[in-house]
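Please go through this structure with the backbone and the contacts in view. The report below takes it up topic by topic.

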Amino acid sequence: MQTIKEIQDEIVDEFSMFEDWEERYQYMIDLGKTLPLIAPEYKTEDNIIKGCQSKVWVHAEMDDNKITFTADSDAIITKGIIAILIRTFSNQHPKDILDANTDFIDQIGLKEHLSPTRANGLVSMIKQIKLYAIAYQTQLQ
Amino acid sequence: MLDINLIRKDFPILKRQVNGKPLVYFDNAATSQTPQQVIDVIVDYYSNYNANIHRGVHALSQEATDKYEAARHTIQNHFNAKKAQEIIFTSGTTHAINLVANGFSKLINQDDELIVSALEHHSNIVPWQMLCEKTGAKLKVIPMTLEGELDMEAYTALLSEKTKLVFVNHISNALGTINPIKTIINQAHNFGAAVLIDGAQACPHIKPDVQALDVDFYVTSAHKICGPTGVGMLYGKEEWLNKMEPYQGGGEMIDQVTFEKTTYAGLPHKFEAGTPNICGGIAFGAALDYMNAIGFDKIATYEKELLDYGTEKLLEIEGLKIYGTSNNKTSVISFNLEGIHPYDVGTLLDKMGIAVRTGHHCAQPIMSFYNIPGTIRASFAFYNTKAEIDALVSGVKKAKMMLS
């Protein structure tokens, strides 16, 4: 199993091949379009994180001491970033999720999307991912 | 005719690059840019005569007081208020509305009704809801039509002897519709109701005459009219301002203070507690001078040209829908691309150096009416050009291609 850090390095590597913002964003848009991210029954009012601009839904489940995250958004670019976040945080141990950071987002040139003023729900989504990790970590102890 | 190239030279920010592209600034309805003439006034204030006003006997204080009061006169003349004391400096439109809503808390009771329109910014809804909660008065809503206009028949039907206050924006921030405020005011007055007009979106485009309108309250912000943020004004008819409770207590707004009883100062000071935004007030006056030197008639003619051009070019894009299609609107185009979230389009346009606003524009009831999460709003000012609109149109086409 790859560690969170290994996955993040891999993503940074992939993004380094893009020459300009257009290629970067086209890749994210394609990620956003193709990935089935969440089962419809979890796209509920309870799982919604309201940003001012776009909405995000997050659902978590634990199996074999690893958390699986599924998520969705009504905006495609937000969804593309969700896909990247899920690739790094899903299928990992709660403790590893708690120890991890999201500095790689800066390295791949998407920092502005994680700004608290952006109001797209992503900052709250990361907070929610960490909260799930805390909750499951407590269960394990 | 306006010499746009010459006008653009007044705005240093328009030379900026954003994300490596020349800035195309189409978020003027959120805030306008500031000309060098106004920036110079701000620099001059802090460089030469920064002092607290209305109390010092020293030269700087006197100079600052004179300039601040001169700005009040400029504003009075601009809006054609009968008296200078009917102009209250506020921190902006929101502050002005809250001041009036609070001022009415003892003039309203549970049998009264207030009328709001469906086209309002949240700042012209929430303070009144708070007033209703406090007093038990009821809030009635003038519905809107698909074109983004007010349903005036419904408005007439809502009015009654119970109506105490009507508050409507002069121009909708989300859609650009110019509301028939003269009719709204006249009809309300037939029932003895007072009317507050939120002019935040109107003042960059129109020079309102508060006496001709016979409006009871007119409010606006300086930063929409080439002035600085954090300053605005409330025009109120003297008889209303005298009846209203002060909003904030503090220095400057008092006559006599003892621990037993405080008596309030007269207008306008009764509503201007604390040290105001002195520099902002003076710069507000300078901004109006700047706009008047260009001329509101010329501004309106040119902006109409931009609106017509932008509307025509944007509508050539397949799947693009404009919200707010009144024949009577200012240079605001609120739109969406079919099946595409406005946030995505706004994000990509930003990458191309084009600044638009996306989202619900603090007017969620309008978005609910159209059943959309938000729109992309391009709002043009007199310093924008058709070439910039061409850049927007090709930007939208490119975003559409990337997102489809």
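## A buried glutamate in a loop

Glu86(B) touches Ala81(B), Tyr235(B), Gly236(B), Lys237(B), Glu238(B) and Leu241(B), leaving aside residues up to four places away in sequence. The loop that holds Glu86(B) runs between helix 3 (59-79) and strand 4 (87-90) of chain B.

Is Glu86(B) buried or exposed? Glu86(B) has 24 other C-beta atoms within 10 Å, so it is buried; the cut-off for buried is 20 or more. One of its contacts spans a long stretch of chain. Glu86(B) and Gly236(B) stand 150 residues apart in sequence, yet their C-alpha atoms are 5.4 Å apart in space.

## Model and confidence

This is a predicted model. Its scores are ipTM 0.89 and pTM 0.93. For chain B the average pLDDT is 96, and 100% of the residues score at least 70.

## Two domains in chain B

The domain assignment splits chain B into domain 1 (4-30 + 295-403) and domain 2 (39-293). Taken over C-alpha atoms, the centres of domain 1 and domain 2 of chain B are separated by 28 Å. Contact between them involves 24 residues of domain 1 of chain B and 24 residues of domain 2 of chain B.

Which elements supply the domain 1 side of this contact? Helix 11 (296-315), strand 14 (332-337) and helix 13 (364-370) of chain B each supply at least two residues. Helix 11 of chain B gives the most, with 4 residues. By class, the residues on this side of domain 1 of chain B are 12 nonpolar, 9 polar and 3 charged.

## The largest nonpolar core

The largest nonpolar core has 143 residues. Ala71(A) and Ala287(B) have the most contacts inside it. Helix 10 (residues 278-294) of chain B brings the largest share of this core, 10 residues. Why does the core lie between domain 1 and domain 2 of chain B? Both domains give residues to this core, so it lies between them.

Ala287(B) has its own set of partners. Not counting residues up to four places away in sequence, Ala287(B) touches Val38(B), Ala222(B), Ile225(B), Cys226(B) and Gly227(B).

## Backbone exceptions

Most residues other than glycine have a negative phi, and most peptide bonds are trans. Three places in the loops deserve a look against that background.

Where is the cis bond? The peptide bond from Leu267(B) to Pro268(B) is cis, with omega near -5°. Pro268(B) sits in the loop between strand 12 (262-264) and helix 10 of chain B. Helix 10 of chain B also gives 10 residues to the largest nonpolar core.

Two aspartates have a positive phi. For Asp64(A), phi is near 55°. Asp64(A) is placed in the loop between strand 2 (55-63) and strand 3 (66-73) of chain A. It has 7 C-beta neighbours inside 10 Å, so Asp64(A) counts as exposed.

For Asp214(B), phi is about 60°. The loop of Asp214(B) links helix 8 (210-213) and strand 9 (217-221) of chain B. Asp214(B) counts as partly exposed because it has 13 C-beta neighbours inside 10 Å.

Methods
Residues are numbered from 1 along each chain as its sequence is written. Chains are lettered from A and ligands numbered from 1 in the order in which they are written. This is a predicted model: local features need pLDDT of at least 70, side-chain atom pairs count only at pLDDT 80 or more; totals for chains, interfaces and linings use all residues. pLDDT is the predictor's confidence in each residue, from 0 to 100. A nonpolar core is a set of buried Ala, Val, Leu, Ile, Met, Phe, Trp, Tyr and Cys residues joined through C-beta atoms within 7 Å. A residue is buried if 20 or more other C-beta atoms lie within 10 Å of its own, exposed if 12 or fewer, and partly exposed in between; C-beta atoms are placed from the backbone. Domain bounds come from an automatic or database domain assignment. Two residues are in contact if their C-beta atoms, placed from the backbone, lie within 7 Å. Ala, Val, Leu, Ile, Met, Phe, Trp, Tyr, Cys and Pro count as nonpolar, Asp, Glu, Lys and Arg as charged, and the others, Gly among them, as polar.
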